[in-house]
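User: Could you take a close look at one strand of this model and tell me which elements it pairs with? After that, please walk me outward to whatever else you find worth a look.

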There are 2 protein chains.
Amino acid sequence: MFKTDLEIAQECVLEPIRDVAAKIGVTEDDLEYYGKYKAKVSLDLLNRNKDKEDGKLILVTAINPTKAGEGKSTTTVGLGDALNRMGKKTMIALREPSLGPVFGLKGGAAGGGYAQVVPMEDINLHFTGDMHAITTANNLISACLDNHIHQGNALDIDIEHVTWKRCLDMNDRTLRNIRIGMGAKANGVERQDGFNITVASEVMAVLCLATSLSDLKTRLGNMLVAYNTKNEPIYVKDLGIEGALAMVLKDAIKPNMVQTLEHNPVLIHGGPFANIAHGCNSILATKTCLKLADYTVTEAGFGADLGAEKFLDIKCRFGNLKPNAVVIVATIRALKQHGNVAYEDLKEENVEAMLEGCANLAKHIDTVKQFGLPYIVAINEFASDTPKEVEALENWCKEHGHPMSLSQVWAKGGEGALDLAEKVVALCEEENSYAPLYDVEDSIEDKIHTIATKVYGADGVEFSEEAKQQIALYNKMGWDKMPICMAKTQMSLSDDAKKYGAPKGFMITVRELNPSLGAGFLVALTGKVLTMPGLPAVPAANNMDIDEEGHIKGLF
Amino acid sequence: MFKTDLEIAQECVLEPIRDVAAKIGVTEDDLEYYGKYKAKVSLDLLNRNKDKEDGKLILVTAINPTKAGEGKSTTTVGLGDALNRMGKKTMIALREPSLGPVFGLKGGAAGGGYAQVVPMEDINLHFTGDMHAITTANNLISACLDNHIHQGNALDIDIEHVTWKRCLDMNDRTLRNIRIGMGAKANGVERQDGFNITVASEVMAVLCLATSLSDLKTRLGNMLVAYNTKNEPIYVKDLGIEGALAMVLKDAIKPNMVQTLEHNPVLIHGGPFANIAHGCNSILATKTCLKLADYTVTEAGFGADLGAEKFLDIKCRFGNLKPNAVVIVATIRALKQHGNVAYEDLKEENVEAMLEGCANLAKHIDTVKQFGLPYIVAINEFASDTPKEVEALENWCKEHGHPMSLSQVWAKGGEGALDLAEKVVALCEEENSYAPLYDVEDSIEDKIHTIATKVYGADGVEFSEEAKQQIALYNKMGWDKMPICMAKTQMSLSDDAKKYGAPKGFMITVRELNPSLGAGFLVALTGKVLTMPGLPAVPAANNMDIDEEGHIKGLF
């Protein structure tokens, strides 16, 4: 009988975070404890080390996720532990989990098996409160905006043209489209509104892209909230609350330190989803790792079409980061699913389907190559993988000249990724020609076309009438010289969740474009992707419990 | 030039919370640090001391609040510091501030002047995250409920008869009355809903009244959320998520320790408003103080008609607490306002108006006497008070046989309340005949009538048609044998905010009655009181700021 991730995590005897921090030279002066095993890290640490050379930066990405599971976080943690086992001073930078999926589909998210980050219960629940602070800041904007309208609307805000939405860190489909301010006049001015999930909020993006507290305040002030009746933009700074918002986020802006099961230091900070947001942990956390450690292993959400593309086109561009190597994670099970094997049949050997599914892996490898980066395929082994399947996959990689490594991080932790770690260290010594895929000076249409054709393999892009009108407006406003943050289903390279493998002959439909002027990008909503998920028929919450001694059950 | 509360608080050199805890014999084993100056206190501390005799319990209450200010929290903190100066081992138990008023009217709330609780910035912002955890639990119920309806509604929930509302810790009037689930079918089932402020959520009441983690879980499961189409009640436990909710609240249930400016230990835990909820900090925090200290000073919100009545009729009844003395706080300024002096004219001497305003103070004294408790009037001195006014007030107290003390806690901290502290110690030695005002076995109408006539001085109670129907239903359901939690304006003894002093010849109108079956009381909404406040024309948020070094401005 296998132990659950939660059981393995609960068996771990954690080291005091003070001792974990000491391993990379961080003293108590730079830590604010949240209990014994979590700490906020001072931003001053980054300032004091600003002249120090950065360590190596390794990005872990994956094929398109399937129900079968890939193990990207697990590989990230296992690789970090393996590098530390090799004597390389290594840190890991991850995103904070959202409570939406925790209560919804999948329970916790902090790696798996013997490659986890702990204390996993806290990380998956309120952690150090960053997510709640972001929710508060987001909704303070809405409350002040609607209060402004109610109190006489001196800014002449067009109530049919409010772009700012409320948010909650919750999967709650009924809040997508709501009508507020109903009933008596004392209840404010009635208008249409909606909630996003917090991880899709621009406040989250701004927190992840800010480089200091004052930069954060400036970005918050620049966020677009509405247009007035003359169609002129209204910003947060027009409401005069960017100081209050920065104050609300004064602790949230500091990265959080925790440890792996092998007691290596991890920064977990910021958690935008990669399908509906930019999908990377904060620039401040990554930069802090790069200054403190010789190797930093980080991940970007979902497949390379989403997280990695945005990591390389947005985060690295804004943060002036130079990645050294990319790890592309796949499992034999997931490749079979991309080869159109039904979920129920994944246990059965099927070399042919697996090789067919490799088309998906091949496309993501191609994407990483286009960014000019060295890469390695990491196959996350499952007990159900057969020797014939493993051999066929090894041969496929060999034939196509793809470096690869088999890893057993789930079962063995860092020990299961020593081969991968050695190969990654070698890759980091290679010169690379990393560059973003497009120039921000390109037109909005060209930038989206570049991503759709080069990364997704689409034939082209169709823009809805609404999107066309928005592009015209944004061109006029001078908001066209920013990177694009694509919002697309994670399940497929296309914008249709049902298309597995590497689909061909399809168009990407851009439904809507939203300017995130504080974050500094345009969000392009494709297909049917929604910024507020729903709960499944039986939410994960139904299986969760806690006893009188505080022991938790059902959190994966 | 007077310093602001924030400036005084920022000048304080705090002691590590470890050292503060040590003063009352609490060691590191029972603390979970949140930074250096805040800690969660283990519930095990209470269990281990359960056979120890309780210390003395002192309640601080006040006249009806006015714009002029009374200083109830300030007096509570100053009295606690004074008792410690006298060598009495004393703790203070307070409520956690809500972000609604922080961003709205008044900025922070943790005492004032030299009688404050610190770190006030943290206490007034996210503190240790309890408020956010409550918001999350509340909204997880809503999300699961609406998801249940969307996924086929096996419980046959009547969507016109959902009693559970969403909540946010924010003043946001436009969320009072909303329509959710609009648009496409994928957005869930459309229905009417609304948000309360988090401090009015039943989850907050349950957290404050729970006596253990398992009691918390049971109470959460018993909360009413809706009726089915046969008019039968649907509870949280029918949704099967009480375990998940208790897990969400696993840290929030632990009291938070901070310190006064004089480095004495304070527990701040739970924060229901006293106008729209029961207005007292948690039973767990108060009980912990009673076991650790010889004297516990606590406060209940707003005037004695609201907080004290609910403290004595609900909290003490449920928690089996025996109060020893009551301090009734008033200011000469506020008494003048109760004597119908305009706010602008309060600086001018007006003995006559002050004596007229004493009618309000007299009514609250009368209430405390009816509960069978010894009391003292604490006059919180202001620089604008004239010798004639002070003398007249002293004479008024003498004539009517009311013990009193002049205190200068704002300017002098504990030193300013030494006389008050000595008198309070003496009161605590008196035998008292404390008993709640009504029997829970009385009818709903009789219990409300008792409170309205004996505490508010009303002639009687009028019930709306809706309230009458609700009473009939609750009688049938067997929900009538619970205490009543009155929701009423804090500004007046009546349910009309504009009636100062001690109004006569008025009726109390009960508009609506809501069963809080997890908390164990019925909420009676009177007059126009609302469970979601709005922001003023210029919110306090507009004056708040933070600089690059993290220094805060404008938080009072």
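Analyst: Happy to! Let's start with strand β4(A), which pairs in the parallel sense with strand β15 (residues 265–268) of chain A over three bridges. Pairing here calls for at least two DSSP bridges between the strands, and helices (H or I, at least four residues) and strands (E, at least two) are DSSP runs numbered from the N terminus. Please keep in mind that this is a predicted model, in which local features need pLDDT of at least 70 and side-chain atom pairs need pLDDT 80 or more, while totals for chains, interfaces and linings use all residues. Residues are numbered from 1 along each chain as its sequence is written, chains are lettered from A and ligands numbered from 1 in the order in which they are written, and side-chain values use heavy atoms, leaving out hydrogens and water.

Back to the strand itself. In the pairing with β15(A), A:I92 stands opposite A:V266. β4(A) also pairs with strand β16 (residues 295–299) of chain A, again in the parallel sense, this time over four bridges. There, the residue opposite A:M91 is A:T296 in β16(A).

What about the side chains? β4(A) spans residues 90–94, and five of its five residues are buried, where buried means under 20% relative accessible area, exposed over 50%, and partly exposed in between, with a 1.4 Å probe and protein chains only. A:T90, A:I92 and A:L94 point one way from the strand, while A:M91 and A:A93 point the other way. Both sets are buried.

If you follow chain A on from β16(A), you come to A:F302, in the loop between β16 and α13 (304–319). Its phi is near 55 degrees, a positive value in a residue other than glycine. With a relative accessibility of 25%, A:F302 counts as partly exposed. Another phenylalanine to check is A:F127, whose phi is near 50 degrees, also positive in a residue other than glycine. A:F127 sits in the loop between α6 and α7 (130–150) of chain A, and it is buried because its relative accessibility is 8%.

On the other side of α6 is A:P119, in the loop between β6 (115–118) and α6 (120–124) of chain A. A cis peptide bond links A:V118 to A:P119, with omega about 5 degrees. In chain B, B:V118 and B:P119 are likewise joined by a cis peptide bond, with omega about 0 degrees.

That brings us to how the two chains relate. Chain B can be laid on chain A with an RMSD of 0.0 Å by a turn of 180 degrees and a shift of 0.0 Å along the axis, from a least-squares fit on C-alpha atoms of residues with pLDDT of at least 70 in both copies. That is the relation of a two-fold axis. B:Y34 is the residue of chain B that comes closest to this rotation axis, its C-alpha being 2.2 Å away. The copies meet through the same surface, since 100% of the interface residues of chain B are also interface residues in chain A.

For a second strand to set beside the one you asked about, try β18(B), at residues 375–380: six of its six residues are buried. B:Y375, B:V377 and B:I379 point one way from the strand, and B:I376, B:A378 and B:N380 point the other. β18(B) pairs in the parallel sense with β17 (residues 325–330) of chain B over five bridges, and B:V377 is the bridge partner of B:I328. It pairs in the parallel sense with β19 (residues 404–407) of chain B too, over four bridges, where B:A378 stands opposite B:S405.

Finally, two loops where the contacts (heavy atoms within 4.5 Å) are worth tracing; the neighbours up to four places away in sequence are not counted in either case. In chain A, both A:K67 and A:G71 lie in the loop between β3 and α4. A:K67 is exposed, at 60% relative accessible area, and touches A:Q337 and A:Y343. A:G71, for its part, is in contact with A:V329 and A:N380. In chain B, B:A502 lies in the loop between β21 (484–487) and β22 (507–516), where it is partly exposed at 23%. Leaving aside neighbours within four places in sequence, B:A502 is in contact with B:A359, B:N360 and B:L493. B:A502 and B:H364 are 138 residues apart in sequence, yet their C-alpha atoms are 9.4 Å apart in space.
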